[in-house]
Amino acid sequence: MTIQFKALPTEDVRALQRGGPDAYGLTPERKISDGDGVPCRHCLNNVAAGEAYLILAYRPFPELQPYAETGPIFLHAEECERAAEVEALPEMLESTDYIVRGYGKDDRIVYGSGGVIPTGAIAARAETLFERDDIAYVHVRSARNNCYQCRIERA
(Lines give C-alpha, C1' and ligand atoms only; values in the text may rest on other atoms or scores of the structure.)
Protein backbone atom coordinates (compact mmCIF):
# COMPACT_ATOMS: atom_id res chain seq x y z
CA MET A 1 0.00 0.00 0.00
CA THR A 2 1.14 3.54 -0.68
CA ILE A 3 0.57 6.38 1.78
CA GLN A 4 0.93 10.16 1.59
CA PHE A 5 1.98 12.58 4.30
CA LYS A 6 -0.17 15.71 3.99
CA ALA A 7 0.58 19.22 5.18
CA LEU A 8 -2.03 21.82 6.06
CA PRO A 9 -3.93 23.25 3.07
CA THR A 10 -2.36 26.41 1.63
CA GLU A 11 -5.59 28.44 1.67
CA ASP A 12 -5.98 27.84 5.44
CA VAL A 13 -2.34 28.70 6.10
CA ARG A 14 -2.41 31.90 4.04
CA ALA A 15 -5.43 33.14 6.00
CA LEU A 16 -3.52 32.59 9.25
CA GLN A 17 -0.34 34.20 7.88
CA ARG A 18 -2.42 37.27 6.99
CA GLY A 19 -3.64 37.57 10.59
CA GLY A 20 -6.83 35.55 10.33
CA PRO A 21 -8.20 33.99 13.50
CA ASP A 22 -7.07 30.61 14.82
CA ALA A 23 -9.34 27.87 16.18
CA TYR A 24 -10.00 29.98 19.29
CA GLY A 25 -10.76 33.15 17.33
CA LEU A 26 -7.43 34.73 18.27
CA THR A 27 -4.78 36.33 16.08
CA PRO A 28 -1.73 34.04 15.80
CA GLU A 29 1.24 35.07 17.96
CA ARG A 30 4.42 36.03 16.10
CA LYS A 31 7.84 34.92 17.39
CA ILE A 32 11.41 34.56 16.11
CA SER A 33 12.81 31.03 15.88
CA ASP A 34 15.94 29.95 17.69
CA GLY A 35 16.14 27.13 15.13
CA ASP A 36 15.28 24.37 17.55
CA GLY A 37 11.99 22.49 17.51
CA VAL A 38 9.77 24.83 15.50
CA PRO A 39 8.20 22.62 12.80
CA CYS A 40 6.02 24.38 10.22
CA ARG A 41 2.91 22.33 9.46
CA HIS A 42 2.68 23.74 5.91
CA CYS A 43 6.13 23.15 4.38
CA LEU A 44 6.87 20.35 6.89
CA ASN A 45 10.33 21.79 7.58
CA ASN A 46 11.69 23.42 10.70
CA VAL A 47 11.62 27.21 10.88
CA ALA A 48 15.27 28.29 10.69
CA ALA A 49 16.96 30.37 13.38
CA GLY A 50 16.18 34.06 12.96
CA GLU A 51 13.01 33.47 10.91
CA ALA A 52 9.61 34.60 12.10
CA TYR A 53 6.96 32.02 12.92
CA LEU A 54 3.41 31.90 14.19
CA ILE A 55 2.01 30.07 17.21
CA LEU A 56 -1.70 29.37 17.03
CA ALA A 57 -4.47 27.03 18.06
CA TYR A 58 -5.37 24.54 15.34
CA ARG A 59 -8.16 22.00 15.06
CA PRO A 60 -7.62 19.59 12.13
CA PHE A 61 -11.27 18.56 11.98
CA PRO A 62 -14.15 19.93 9.90
CA GLU A 63 -16.53 20.54 12.82
CA LEU A 64 -16.74 20.61 16.59
CA GLN A 65 -17.38 17.28 18.28
CA PRO A 66 -15.94 15.54 21.36
CA TYR A 67 -12.95 14.08 19.49
CA ALA A 68 -12.01 17.28 17.65
CA GLU A 69 -8.76 17.99 19.46
CA THR A 70 -7.44 21.54 19.35
CA GLY A 71 -3.86 22.40 20.16
CA PRO A 72 -0.88 24.61 19.44
CA ILE A 73 1.03 24.45 16.15
CA PHE A 74 3.72 26.49 14.41
CA LEU A 75 3.73 27.98 10.92
CA HIS A 76 6.24 30.13 9.06
CA ALA A 77 5.07 33.74 9.48
CA GLU A 78 5.92 34.43 5.84
CA GLU A 79 4.61 32.42 2.91
CA CYS A 80 6.27 29.06 2.38
CA GLU A 81 5.59 26.37 -0.18
CA ARG A 82 3.29 23.54 0.85
CA ALA A 83 5.10 20.23 1.20
CA ALA A 84 4.47 17.78 -1.61
CA GLU A 85 2.23 14.84 -0.77
CA VAL A 86 4.80 12.06 -0.67
CA GLU A 87 5.35 8.69 0.97
CA ALA A 88 8.63 9.86 2.56
CA LEU A 89 8.71 10.88 6.20
CA PRO A 90 8.75 14.70 6.53
CA GLU A 91 12.07 16.25 7.59
CA MET A 92 10.47 18.00 10.55
CA LEU A 93 9.76 14.70 12.34
CA GLU A 94 12.98 14.72 14.35
CA SER A 95 11.86 13.32 17.71
CA THR A 96 12.51 9.71 18.61
CA ASP A 97 8.82 8.81 18.55
CA TYR A 98 5.33 10.13 17.85
CA ILE A 99 1.72 9.27 18.54
CA VAL A 100 0.22 7.66 15.44
CA ARG A 101 -3.58 7.36 15.63
CA GLY A 102 -6.36 6.40 13.25
CA TYR A 103 -9.62 8.25 12.70
CA GLY A 104 -12.84 7.07 11.10
CA LYS A 105 -14.90 8.68 8.34
CA ASP A 106 -16.83 10.41 11.13
CA ASP A 107 -13.59 12.19 12.22
CA ARG A 108 -13.54 10.37 15.54
CA ILE A 109 -10.70 8.40 17.09
CA VAL A 110 -10.83 4.70 16.28
CA TYR A 111 -10.15 3.11 19.65
CA GLY A 112 -7.23 0.73 19.73
CA SER A 113 -5.52 2.40 16.76
CA GLY A 114 -3.25 4.79 18.65
CA GLY A 115 0.23 4.21 19.93
CA VAL A 116 3.60 5.81 20.52
CA ILE A 117 5.63 4.70 17.52
CA PRO A 118 9.38 5.10 16.83
CA THR A 119 9.83 7.72 14.12
CA GLY A 120 11.36 5.29 11.63
CA ALA A 121 8.31 3.02 11.95
CA ILE A 122 5.61 5.65 11.35
CA ALA A 123 5.03 4.79 7.68
CA ALA A 124 4.83 1.06 8.40
CA ARG A 125 2.39 1.68 11.27
CA ALA A 126 0.18 3.83 9.03
CA GLU A 127 0.16 1.13 6.36
CA THR A 128 -0.88 -1.43 8.96
CA LEU A 129 -3.68 0.84 10.18
CA PHE A 130 -4.92 1.33 6.62
CA GLU A 131 -5.46 -2.42 6.33
CA ARG A 132 -8.49 -1.79 8.54
CA ASP A 133 -11.72 -0.68 6.87
CA ASP A 134 -12.64 1.59 9.79
CA ILE A 135 -9.56 3.83 9.41
CA ALA A 136 -10.13 6.79 7.05
CA TYR A 137 -6.94 8.73 7.87
CA VAL A 138 -4.14 8.89 10.42
CA HIS A 139 -2.69 11.72 12.50
CA VAL A 140 0.92 12.04 13.55
CA ARG A 141 1.11 13.89 16.86
CA SER A 142 3.83 14.77 19.34
CA ALA A 143 4.36 11.96 21.84
CA ARG A 144 5.23 14.52 24.53
CA ASN A 145 2.62 17.25 24.01
CA ASN A 146 0.04 15.70 21.64
CA CYS A 147 0.54 18.57 19.15
CA TYR A 148 -0.73 17.85 15.65
CA GLN A 149 2.14 17.31 13.18
CA CYS A 150 0.59 16.10 9.92
CA ARG A 151 -1.98 13.80 8.40
CA ILE A 152 -1.43 10.54 6.54
CA GLU A 153 -3.86 9.26 3.92
CA ARG A 154 -3.98 6.38 1.49
CA ALA A 155 -2.41 7.42 -1.82
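User: Happy to look at this one with you! How many helices and strands does the secondary structure of the protein chain come to?

Analyst: Glad to help; this is a predicted model, where local features need pLDDT of at least 70, side-chain atom pairs count only at pLDDT 80 or more, and totals for chains, interfaces and linings use all residues. Residues are numbered from 1 along each chain as its sequence is written, and side-chain values use heavy atoms, with hydrogens and water left out. Helices (H or I, at least four residues) and strands (E, at least two) are DSSP runs, numbered from the N terminus. Read along the sequence, the pattern is β-α-β-β-β-β-β-α-β-β, and the count comes to two helices and eight strands.

User: What radius of gyration does the protein chain have, and what would a compact globule have?

Analyst: The radius is taken over C-alpha atoms, and the globule rule is 2.2 Å times the number of residues to the power 0.38. The C-alpha atoms fill a box of roughly 40 × 30 × 25 Å along the principal axes. For 155 residues the rule puts a compact globule near 15 Å, which agrees with the chain's own 15 Å.

User: What percentage of the 155 residues is buried?

Analyst: Buried means under 20% relative accessible area, exposed over 50% and partly exposed in between, with a 1.4 Å probe and protein chains only. By that cut-off, buried residues make up 46%.

User: Which residues of helix H2 are buried, and what covers them?

Analyst: H2 spans residues 122–129, and its buried residues are Ile-122, Ala-126 and Leu-129. Seen down the helix axis they fall within an arc of 60 degrees (the arc of the directions from the axis to the C-beta atoms), so they line one face of H2. An α-helix has 3.6 residues a turn, so residues three or four places apart point the same way. The cover, where contact means heavy atoms within 4.5 Å, includes E1 (3–6), E5, E6 (115–118), E7 and E8 (148–154).

User: And which strands are included in what covers the buried residues of H1?

Analyst: In H1 (residues 10–17) the buried residues are Val-13, Arg-14, Leu-16 and Gln-17. Their arc is only 160 degrees around the axis, which puts them on the same side of H1. What covers them includes strands E3 (52–58) and E4 (71–76).

User: Which residues does Leu-56 touch, leaving out those up to four places away in sequence?

Analyst: Leu-56 lies in strand E3 and counts as buried at 4% relative accessibility. Its C-alpha atom is separated by 30 Å from that of Ala-124, 68 residues apart along the chain. The residues that Leu-56 touches are Leu-16, Asp-22, Pro-28, Gly-71, Pro-72, Ile-73 and Leu-75.

User: Let's turn to the rings. Why does the pair of Tyr-103 and Tyr-137 tie together parts that are apart in sequence, and how many residues apart are they?

Analyst: Rings of Phe, Tyr and Trp (its six-membered ring) pair if their centres lie within 6.5 Å; planes under 30 degrees apart count as stacked, over 60 as edge-to-face and the rest as tilted. Among the five aromatic pairs in the structure, Tyr-103 and Tyr-137 are stacked, at 5.4 Å centre to centre and 5 degrees between the planes. Tyr-103 lies in strand E5 (residues 97–103) and Tyr-137 in strand E7 (residues 137–142), so the parts tied together are separated in sequence by 34 residues.

User: Are Tyr-103 and Tyr-137 buried or exposed, and what lies over the face of Tyr-137?

Analyst: Both Tyr-103 and Tyr-137 are buried, and ring pairs link them with Phe-61 into a cluster. A charge sits over a ring if NZ of Lys or CZ of Arg is within 6 Å of the ring centre and within 35 degrees of the ring normal. Over the face of Tyr-137, at 3.6 Å from the ring centre, lies Arg-151.

User: What is the phi of Asp-107, and is Asp-107 buried or exposed?

Analyst: Most residues other than glycine have a negative phi, and most peptide bonds are trans. Asp-107, in the loop between E5 and E6, is not a glycine and yet has a positive phi of about 65 degrees. With a relative accessible area of 16%, Asp-107 is buried.

User: And where is Asn-146 found, and is Asn-146 buried or partly exposed?

Analyst: Asn-146 also has a positive phi of about 65 degrees although it is not a glycine. The residue is found in the loop between E7 and E8. At 27% relative accessibility, Asn-146 counts as partly exposed.
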